[in-house]
Amino acid sequence: MPDFSIMEFRRAHDKGYVARWDTERDIWSSACSSDMGIGLTDLADVSLLVTDPVATPSQIRRAMDELVFETFGFGEYAATPSARLAAASHLSSKSSKNSRESEPVLVLVSGFSFTHAVPIVTGAELRPSIRRIEFGWHGAYQPFEKVVSF
């Protein structure tokens, strides 16, 4: 019988940010493989949109640039906070052009470890007003699990 006590669980992300780039690279390789039904061989003609957490440190952005362009060779790539995309989607559904340009939007972005309250004004984050709450879906899951388990 194999000894499973030496097994190690590795996550590419820690507290919402990529912490292990080798693991992240392996995940992307698997996702782009033919085993997943995608089978992308020449990524130079592919455009990539990546959402990242608010206020991502510049070291992580540089490492993501390296992964996207040097490791995988994507032709184009844009990284943006998901809050900006959510606000743009909301405002594009409005009927009045004037309200789209000037209406502020508050977006709540919940992740595994934390939640951000992100005010969006004229299509951009109002950085001084962004608030991080140390509560994510992981913290909400444990009490829920106790309620539904018997």
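Glu125 is buried, with a relative accessible area of 11%, where buried denotes under 20% relative accessible area, exposed over 50% and partly exposed the range in between (1.4 Å probe, protein chains only). The structure is a predicted model, in which local features need pLDDT of at least 70 and side-chain atom pairs count only at pLDDT 80 or more, while totals for chains, interfaces and linings use all residues. Residues are numbered from 1 along each chain as its sequence is written, and side-chain values use heavy atoms, with hydrogens and water left out.

The side chain of Glu125 forms a salt bridge with that of Arg84, at 2.6 Å from N to O; a salt bridge is defined as a side-chain nitrogen of Lys or Arg within 4 Å of a carboxyl oxygen of Asp or Glu. This pair links distant parts of the chain, as Glu125 belongs to strand β7 (residues 124-125) and Arg84 to helix α3 (residues 82-92), 41 residues apart. Helices (H or I, at least four residues) and strands (E, at least two) are taken as DSSP runs and numbered from the N terminus. In contrast to the buried Glu125, Arg84 is partly exposed at 31% relative accessibility. Glu125 also meets Arg127 in a salt bridge, with an N to O distance of 4.0 Å, and Arg127 is partly exposed at 43% relative accessibility. A further salt bridge joins the side chains of Glu134 and Arg132 at 2.8 Å, N to O. Here Glu134 counts as exposed, at 59% relative accessibility, whereas Arg132 is partly exposed, with a relative accessible area of 35%. Through salt bridges that share partners, Arg84, Glu125 and Arg127 are joined into one network. The count of salt bridges by this rule comes to 5. In general, side chains of opposite charge can pair when their charged atoms come close.

The secondary structure of the protein comprises 5 helices and 8 strands. From the N terminus on, the order of elements is β-β-α-β-α-β-α-α-β-β-β-β-α. Strand β3 (residues 47-52) runs parallel to strand β4 (residues 76-81), and 6 bridges join the two; strands are considered paired if DSSP finds at least two bridges between them. Between β3 and β4 the chain passes through helix α2 (residues 58-71), and this β-α-β crossover is right-handed. Right-handed here means that, with the strands pointing away from the viewer, the path from the first strand over the helix to the second runs clockwise. Within the β3 and β4 pairing, Val50 stands opposite Ala79 in β4, and Thr51 stands opposite Thr80 in β4. In a regular strand the side chains alternate between the two faces of the sheet.

Two loop residues other than glycine have a positive phi. Ala55, with phi near 60°, lies in the loop between β3 and α2 and is partly exposed, with a relative accessible area of 47%. Thr122, with phi near 50°, is placed in the loop between β6 (115-121) and β7 and is exposed, with a relative accessible area of 60%. Most residues other than glycine have a negative phi.

Thr23, in helix α1 (residues 21-31), is buried at 8% relative accessibility. Residues up to four places away in sequence aside, Thr23 touches Arg10, Arg11 and Ala12, contact being defined as heavy atoms within 4.5 Å. Among contacts in the protein between residues at least 6 apart in sequence, 47% join residues at least 24 apart.

Buried residues account for 24% of the 150 residues in the protein. The exposed area of the protein is about 10500 Å², of which carbon and sulfur atoms supply 57%; accessible areas come from the Shrake-Rupley method with a 1.4 Å probe, and for residues only the protein chains shown count as cover. On this surface, Phe112, Trp137, Tyr141, Phe144, Val147 and Val148 make a nonpolar patch of about 640 Å². Patches are made of residues with over 30% relative accessible area and no salt bridge, with like charges joined within 9 Å and nonpolar side chains (Val, Leu, Ile, Met, Phe, Trp, Tyr) within 5 Å. One of the patch residues, Phe144, lies in helix α5 (residues 137-148).
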